[in-house]
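Trainee: I'd like a close look at one part of this model, the surroundings of a single core residue. Could you start there and then work outwards to how the rest is put together?

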Amino acid sequence: MTILLPTSTAGSLPKPSWLAEPETLWSPWKLAGNDLLKGKQNALLAALQDQQEANITIVSDGEQTRQHFVTTFIEHLEGVNFEKRKTVKIRDRYDASVPSVIGPVSRKKPIFVEDAKFLRQQTTQAIKWALPGPLTMIDTLYDEFYQSRKELAWEFAKILNQEAKDLEAAGVDIIQFDEPAFNVFFDEVNDWGIACLERAIEGLKCETAVHICYGYGIKANTDWKQSLGGEWRQYEAIFPKLRESNIDIISLECHNSHVPLELLELIRGKKVMVGAIDVASTAIETPQEVAATLRNALQYVDSDKLYPCTNCGMAPLPSALANAKLAALSAGAEIVRKELETR
Ligand SMILES: [Zn+2]
């Protein structure tokens, strides 16, 4: 990346109201058949345009073709039955009715590769593609087949590796794995979660990232955040091992969160996507606020390794608000870029 402080988003962006119910997760599609296919492509184009208008450096599909960042991937796999549902606690936090793993899991065919090729055709900018991480995937399922979280995660890692290689061949520059579960199951992360991630990126030549946040701005998450106390030190438990891993970039929640930024010292040397936009608040950050978060992070992240980003996906936000936040991210990064250039 030649530009200093390249900006990007954590992943999802709001969907247009003609495609799906806005400001809702798992919102059903409003179109079907060919109309839905065309609608998803138009939404992807609009999401790209929104990012370009906001001068975002590394663009994405805004996850316009998926209903949910984990479920949509799993829907395309063999071995998972979506009719056979069980209620489980997701991330130790909230009950959800989830599908069951009933046999060996496998990928019949590429899942997002056509979407990625379509995005690649539209722009020469660097593109980032998000996939769910293995630990987060197993945490949204009831497993009656393997009956081992570790074993199922490993199988998913192998499948993710196939998909990641196809995405790389389609021209994706950065492949990101979303692992909000890394903030909850520290022992599993250290015992085998990071090993699964490394299995998922095995043999890739493109850059790789892991996104570890405190979740979307939905009630179950904001309530959980209330219980975490004044200082959030969750990252501390997993950073030492992540620093030793082959993952290139670590994407984190930094703005308005109670994460002490000095924890970033523990991953010194890694590239860091610094979340400078709060996705759980409807207040629009000022460029100065964004700049302040970035300057703060620069104490622990070398300037050539700092990637300004959003704390998490923005799917649950109104679209005009999300666009205003993107513009603030861009303007804030530009302030700090100028400061660094004149140093
Ligand atoms: Zn997130």
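Mentor: Sure, let's start with Phe156. Setting aside residues up to four places away in sequence, Phe156 touches Val105, Pro134, Met137 and Ile138. Keep in mind that this is a predicted model. Phe156 is also among the residues with the most contacts inside the largest nonpolar core, a list it shares with Trp129, Ile250, Val272, Val274 and Leu294. That core has 98 residues, and helix H5, residues 149-169, gives the most to it, with eight.

Now follow Leu294 out of that list. Leu294 also turns up where helix H9 meets helix H10: on the H9 side the contact is made by Pro287, Val290, Ala291, Leu294 and Arg295, and on the H10 side by Ala328, Leu329, Ala331, Gly332, Ala333, Ile335 and Val336. Sorted by class, that makes ten nonpolar residues, one polar and one charged. As for geometry, H9 (residues 287-298) and H10 (residues 319-341) pack at about 55°, with their axes 7 Å apart. The two helices are therefore oblique to each other, and their crossing is right-handed.

There's another helix pair to set beside that one. Helix H6 (residues 186-200) and helix H8 (residues 234-244) pack at about 15°, with 9 Å between their axes, so H6 and H8 are roughly parallel to each other. Their crossing is right-handed. H6 brings Phe186, Val189, Asn190 and Ile194 to the contact, and H8 answers with Ala237, Ile238, Lys241 and Leu242. By class, you get six nonpolar residues, one polar and one charged.

H8 leads us on to Leu263. This residue is in the loop between strand E7 (249-253) and strand E8 (271-275). Beyond its neighbours within four places in sequence, Leu263 is in contact with Arg233, Tyr235, Glu236 and Phe239. Take Glu236 from that set: it is 27 residues from Leu263 in sequence, yet their C-alpha atoms are 6.3 Å apart in space. Leu263 has 18 C-beta neighbours inside 10 Å, so it counts as partly exposed.

Next, step back into strand E7, where you'll find Glu253. With 31 C-beta neighbours inside 10 Å, Glu253 counts as buried. Its contacts, again leaving out residues up to four places away in sequence, are Cys213, Tyr214, Val259, Gly275, Asn311 and Cys312. Glu253 is also 26 residues from Val279 in sequence, with 9.6 Å between their C-alpha atoms.

Finally, have a look at the backbone in a couple of loops. Most residues other than glycine have a negative phi. Glu63 goes the other way, with phi near 55°, and so does Asp92, at about 60°. Glu63 lies in the loop between helix H1 (33-53) and helix H2 (71-75), while Asp92 lies in the loop between strand E1 (77-90) and strand E2 (94-107). Their surroundings are worth setting side by side. Glu63 has 27 other C-beta atoms within 10 Å, so it is buried, whereas Asp92 has 10 and is exposed.

Note on methods. Residues numbered from 1 in each chain as written. Predicted model: local features only at pLDDT ≥ 70, side-chain atom pairs only at ≥ 80, totals over all residues. Core = buried A, V, L, I, M, F, W, Y, C linked by C-beta atoms within 7 Å. Buried ≥ 20, exposed ≤ 12 C-beta atoms within 10 Å, placed from the backbone. Helix = DSSP H or I, 4+ residues; strand = E, 2+ residues; numbered from the N terminus. Contact = placed C-beta atoms within 7 Å. Axes fitted to C-alpha atoms, helices over the stretch in contact; angles between N-to-C directions. Parallel < 35°, antiparallel > 145°, perpendicular 65-115°, else oblique. Left-handed = near helix turned anticlockwise from the far one by under 90°. Nonpolar A, V, L, I, M, F, W, Y, C, P; charged D, E, K, R; others polar.
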